[in-house]
Amino acid sequence: MKYIPVVLLLILISACLGAPSTEPDPQTLPTSKPRVSFTFDDGITNDILHYRFEDWNKMILDALDKEQVKAIFFVTGSNKLDEKGRYLLSSWNDWGHRIGNHTWSHPNFNAEDNTVAIFERQLLQTNSVISKYSNHIQRFRFPYLKEGNTEEKIAGIRTVMAANGYQNGHVTIDASDWYINQRLIKKIREVGEQAADIDAFRDFYLTHILERANYYESLSMQLNERHIPHTLLLHHNLTSALFLDDLIEKFKSEGWEIVDAPVAYEDEVYRIQPEIVPAGESLIWSMAKASGNYEELLRYPAEDSRYEQPVMDSLGL
Ligand SMILES: [Zn+2]
């Protein structure tokens with residue numbers, strides 16, 4: 001007797017009615033390729049050299065738009081209340097990027113005089129600024145990725161974040177783009193744009209970011225045994241304006257997939273809170289530190305200008 005079992009019939013009917021609305025975003029599915037998303041910190045509103053603020057800001061937004069990728073912008077609050085600050089937040093918000101919290105005035109939580117109470121005020125003050133924007137998110141990124149230097153401070157700020165509905169705006173790939181940016185601007189000021197050899201800075205920048213990305217991906221593969229969707233920390237600065245386009249291409253040419261930062265944070269890896277003192281650095285670095293298996297490999301701080309300075313000196317950058 002030929003008949004279609006009821007279960008099969010139901011499957012056929014549901015297939016005809018279309019996919020269920022709970023179907024996962026393809027970007028969240030397991031992948032055989034390394035994946036990276038982009039996050040930007042701080043948010044400044046001044047012209048840089050001859051680049052008008054509105055222009056260099058738009059260069060970053062254009063590079064993201066060209067790839068149709070959504071980033072998260074973790075901003076300080078103190079300089080976002082004037083006209084330029086509001087323009088900056090609106091521009092990112094209206095292009096569909098998310099706005100996260102990066103304190104009011106960028107203090108270092110590991111400094112002796114920065115208490116949990118001070119950081120709670122820092123979080124709440126900036127929350128009151130960004131919450132007016134439709135694309136704001138309740139994620140908090142620690143300045144310098146310093147999440148506390150005593151058990152009391154670490155537990156205290158985690159309680160404050162949870163009480164305010166906030167999650168950690170973790171970074172998995174940390175680097176020193178801010179330092180390359182600083183040296184590029186200094187060089188252009190000294191010798192002019194023609195003589196500054198922007199291409200050499202671009203090459204160094206691309207090599208540096210990919211090198212750090214591959215380092216953290218390799219460490220992550222050992223710890224997680226899969227390709228997690230990474231969050232790369234970049235800054236709102238001139239190197240992002242000039243080189244982001246090429247950086248995205250470089251990642252793709254080396255086999256990486258580009259994913260949206262809000263989607264990356266949906267991965268379970270971002271719910272991990274490694275128990276180390278001091279807390280912070282890249283999430284992957286701190287997971288490795290907490291495991292106790294990588295003492296030889298892990299430098300502290302994980303990333304810093306001191307590691308890039310000799311190389312840039314020798315290249316004349
Ligand atoms: Zn910052």
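Select helix α7 (residues 198-224) together with α8 in this predicted model. The two helices pack with their axes 10 Å apart, at an angle of about 55 degrees. An angle of that size falls outside the roughly parallel, antiparallel and perpendicular ranges, so α7 and α8 are oblique to each other. The crossing of α7 over α8 is right-handed.

Now show the residues at this contact. On the α7 side, pick Ile-198, Arg-202, Tyr-205, Leu-206, Ile-209 and Leu-210. On the α8 side, pick Thr-239, Leu-242, Phe-243, Asp-246, Leu-247 and Lys-250. Coloured by class, the contact of α7 with α8 shows 8 nonpolar, 1 polar and 3 charged residues.

**From α8 to α2**

Keep α8 and add helix α2 (residues 53-66). The axes of α2 and α8 come within 7 Å and cross at roughly 15 degrees. Angles under 35 degrees count as roughly parallel, which is why α2 is described that way relative to α8. In handedness, α2 passes α8 in a left-handed crossing.

For the contact itself, select Trp-56, Met-59, Ile-60, Ala-63 and Lys-66 of α2. Opposite them, select Leu-238, Ser-240, Ala-241, Leu-244, Asp-245 and Ile-248 of α8. The class count for α2 with α8 is 8 nonpolar, 1 polar and 2 charged residues.

**The nonpolar core**

Next, hide the helix contacts and turn to the largest nonpolar core, which has 61 residues. Which residues have the most contacts inside this core? They are Phe-38, Ala-71, Phe-73, Ile-99, Ile-173 and Leu-232. The helix that gives the most to this core is α8 (residues 238-253), with 7 residues. In soluble globular proteins, nonpolar side chains tend to be buried together.

Centre the view on Phe-38. Apart from neighbours within four places in sequence, Phe-38 is in contact with Val-69, Ala-71, Leu-232, Leu-234 and Ala-261. Two of these partners, Ala-71 and Leu-232, are also listed among the core residues with the most contacts.

**Helix α6 and its partner**

Bring back α7 and add α6. The axes of α6 and α7 lie 11 Å apart, and the packing angle is about 175 degrees. Because angles over 145 degrees count this way, α6 and α7 are roughly antiparallel to each other. From α6, the contact uses Asp-177, Ile-180, Leu-184 and Glu-193. From α7, the contact uses Ile-198, Phe-201, Phe-204, Tyr-205, His-208 and Ile-209. By class, the residues of the α6 with α7 contact divide into 7 nonpolar, 1 polar and 2 charged. Ile-198, Tyr-205 and Ile-209 of α7 appear here and also in the contact with α8.

Stay on α6 (residues 177-195) and pick Lys-187. Is Lys-187 buried or exposed? Lys-187 counts as buried, because 20 C-beta neighbours lie inside 10 Å. Leaving out residues up to four places away in sequence, Lys-187 touches Ala-196 and Leu-317. For a distance check, draw a line from Lys-187 to Leu-88: the C-alpha atoms are 27 Å apart, with the two positions 99 residues apart in sequence numbering.

**A stop on α5**

Move to Ala-155 in helix α5 (residues 151-163). Ala-155 has 14 other C-beta atoms within 10 Å and is therefore partly exposed. Ala-155 and Val-116 are 39 residues apart along the chain, and their C-alpha atoms are separated by 9.3 Å.

**Backbone details in the loops**

Two non-glycine residues with positive phi come next. Gln-68 has a phi of about 55 degrees and lies in the loop between α2 and β2 (72-75). Gln-68 counts as exposed because it has 9 C-beta neighbours inside 10 Å. His-106 has a phi near 65 degrees and is found in the loop between β3 (98-101) and α4 (116-130). With 15 C-beta neighbours inside 10 Å, His-106 counts as partly exposed.

Finish with two cis peptide bonds. One joins Val-277 and Pro-278, with omega about -5 degrees. Pro-278 sits in the loop between α9 (261-264) and α10 (283-291). Where is Pro-301? Pro-301 lies in the loop between α10 and α11 (305-315), and the peptide bond from Tyr-300 to Pro-301 is cis, with omega near -5 degrees.

Methods: Residues are numbered from 1 along each chain as its sequence is written. This is a predicted model: local features need pLDDT of at least 70, side-chain atom pairs count only at pLDDT 80 or more; totals for chains, interfaces and linings use all residues. A nonpolar core is a set of buried Ala, Val, Leu, Ile, Met, Phe, Trp, Tyr and Cys residues joined through C-beta atoms within 7 Å. A residue is buried if 20 or more other C-beta atoms lie within 10 Å of its own, exposed if 12 or fewer, and partly exposed in between; C-beta atoms are placed from the backbone. Helices (H or I, at least four residues) and strands (E, at least two) are DSSP runs, numbered from the N terminus. Two residues are in contact if their C-beta atoms, placed from the backbone, lie within 7 Å. Axes are lines fitted to C-alpha atoms, for helices over the stretch in contact, and angles run from 0 to 180 degrees between N-to-C directions. Angles under 35 degrees count as roughly parallel, over 145 as roughly antiparallel, 65 to 115 as roughly perpendicular and the rest as oblique. A crossing is left-handed if the near helix is turned anticlockwise from the far one by less than a right angle, and right-handed if clockwise. Ala, Val, Leu, Ile, Met, Phe, Trp, Tyr, Cys and Pro count as nonpolar, Asp, Glu, Lys and Arg as charged, and the others, Gly among them, as polar.
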